[in-house]
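Colleague: Could you take me through one part of this model up close, starting with whichever loop position you'd look at yourself? After that, I'd like to hear how the rest of the fold is put together.

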Amino acid sequence: NPSTAVSAWLNGGLSGAAGMTAFGGLITQYEDSGTTYRVHTFRTSGSFEVVAGSATIDYLIIGGGASGAQANNVSGQSGGGGGAGAMIAGTVDVDTASSPYTIAVGEGGQGKASGSAQNGANGASSSGFSITAAGGGYGGANTTSGSAGYSPSNGSGGGGGQGGSGGTGGAYGNDGGDGWVSSTNASGGGGGGAGAVGVDASDANGAAGGVGASGIGISASARTYAAGGSTDGTGGYKPQSSGIGGGGRYYMSAYPNTGSGGGSIRQSGTTYSGWGGSGIVIIRYAVG
C-alpha cells in the first residue's frame, strides 16, 4: 500500500532487509549499485532505537576537532593548528534487546579571539555501541617555551607552537607538525588529520594541516572528514586542509560535523584561534 509506505517512512523508516525498524537521528535513504541503504545521521547527541528486528549496521564515529592555538602579540606569528578527532568505522550487530543505544557527538574545541598566547582546546569525544572516538589534540601556544600540541588517546595531535614538537596521534589519528622559530619569526605546525600527519613548519609561511579521510555519508558519494588545522606566518599562510579544516588566514574555524581541527593566525594587531569542528556519528544498513 503506497500510502502505508509513505506513512511509515515519515514516522521513522521502513523495515530493513533483516526486518529491522529503527528510529533516531536524521533519516535518509539512497541506492548504490543496486543496494538501497538507510542512513541515520547524528549531528548532535541522541539515541538510536531498534523497535523491531535486528541487523548488522555500518557505523562511522568521529570525535570533535581541537581548536588552534592563540598566538602571542607579535605580527605574523601563529601557534599550532588543532588536531582532528579520531575517525573510527566498522560494523556491529544491533537488536531490540540491547536498544536503545546512546549516541554522543563531541563538540569542537573552543576558539579564542583576544588575550595573550595560549594553547587551543581539545575536542570532545564522540561515542556509540561501546566505541569511543576521542577528540583532537589542541594546537600549541606560540610562546618562547614552544608548547607542544596535546597527545590525545586515539585522535590526531595538535601542531606545535614556537619551536615546539607536535602532539603524538593515537590509533585513529596522526601526529601534529612541529613548530618553527628563528631570531625574528615563528610559525606553528599543522594539526594532524585522519589521512596524514600535520606538516612541520619550516619557514615563516605557516604550515598545512594533515588531510582528512573519506567515509560514508548521506548519499552514495563518500565524504571527507577529520582534517587538521592549518597555520599562518609572517611570509604567508596555508589554506584549509581538505577544504574542511581551519585555515591559516581565511575560514579560521573548521566545518561543523567534520571533526576537523581549527586554524591559528596572528594578523592586523589581533590574535585568532579557529574553533574545531564538532564530531558526527553515522549509521547505515541495507533495506529491502
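Modeller: Let's start with P152: leaving aside neighbours within four places in sequence, P152 is in contact with G135, G136, G137, G157, T168 and G170. Keep in mind throughout that this is a predicted model. P152 sits in the loop between β9 (131-133) and β10 (180-181). Its relative accessibility is 8%, so P152 counts as buried. You can also pick out G173, which is 21 residues away from P152 along the chain, with 9.0 Å between the two C-alpha atoms.

Now move along to S156, which has its place in that loop between β9 and β10 too. Is S156 buried or exposed? The relative accessibility of S156 comes out at 0%, which means that it counts as buried. Once residues up to four places away in sequence are set aside, S156 touches G83, A84, G136, G137, G169, G173, N174, G192, G193 and A194. If you want a polar pair to display, try S156 with N174: a polar atom of the S156 side chain lies 2.9 Å from the backbone nitrogen of N174. G136 and G137 turn up as contacts of P152 and also as contacts of S156.

A84 is a handy way out of the loop. A84 is touched by S156, and A84 also belongs to a nonpolar core, which I'll get to after the sheets.

Zooming out, the chain's secondary structure comes to one helix and 16 strands. Five of those strands form an open sheet in the order β2-β3-β16-β5-β6, paired antiparallel. The edges are β2 (26-32) and β6 (87-95); each has a single partner strand, so one side of each has no neighbour in the sheet. From one strand to the next, the twist averages 25 degrees.

Walk across that sheet from β2. Seven bridges pair β2 with β3 (residues 35-42) in the antiparallel sense. Two of the matches to look for are I27 opposite H40 and Y30 with Y37 as its bridge partner. The hairpin of β2 and β3 has two residues between the strands, and S33 takes a positive phi there, near 55 degrees. What about the burial of β3? Six of its eight residues are buried, so β3 is largely enclosed by the rest of the structure.

On to β16: seven bridges join β3 to β16, and the two run antiparallel. Y37 appears again here, with A286 as its bridge partner in β16. Next, β16 (residues 280-287) pairs antiparallel with β5 (residues 54-62) over five bridges, and Y59 stands opposite I283 in β16.

There is also an open sheet of three strands, in the order β1-β4-β7 with antiparallel pairing. Its edge strands are β1 (21-23) and β7 (101-103), each pairing on one side only. Neighbouring strands here are turned by 25 degrees against each other on average, direction ignored. β1 and β4 (residues 46-52) are held in register by three antiparallel bridges, and A22 has V50 in β4 as its bridge partner.

So where's the packing? The largest nonpolar core has 22 residues, and M20, F48, V94, I103, F129, I283 and Y285 have the most contacts inside it. Two or more residues each come from β4, β5, β6, β7, β9 and β16. A second, separate core has 12 residues, including Y30, L60, A84 and Y225. That's where A84 from the S156 contact list fits in, as one of the residues of this second core.

Y285 is worth its own selection. Not counting residues up to four places away in sequence, Y285 touches M20, A22, T36, Y37, R38, H40, F48, T56 and I57. M20 and F48 are also among the residues with the most contacts inside the largest core.

For the chain as a whole, 54% of the 288 residues are buried. Of the contacts with a separation of 6 or more, 55% are between residues 24 or more positions apart. The exposed area is about 10,700 Å², with 48% of it supplied by carbon and sulfur atoms.

Notes: Residues numbered from 1 in each chain as written. Predicted model: local features only at pLDDT ≥ 70, side-chain atom pairs only at ≥ 80, totals over all residues. Heavy atoms only, no water. Pairing = 2+ DSSP bridges. Helix = DSSP H or I, 4+ residues; strand = E, 2+ residues; numbered from the N terminus. Axes fitted to C-alpha atoms, helices over the stretch in contact; angles between N-to-C directions. Buried < 20%, exposed > 50% of the residue type's maximum accessible area, 1.4 Å probe, protein only. Contact = heavy atoms within 4.5 Å. Polar contact = N/O pair within 3.5 Å; in protein donor to acceptor, adjacent residues only side chain to side chain. Core = buried A, V, L, I, M, F, W, Y, C linked by side-chain atoms within 4.5 Å. Areas by Shrake-Rupley, 256 points an atom, 1.4 Å probe, with all protein chains shown as cover.
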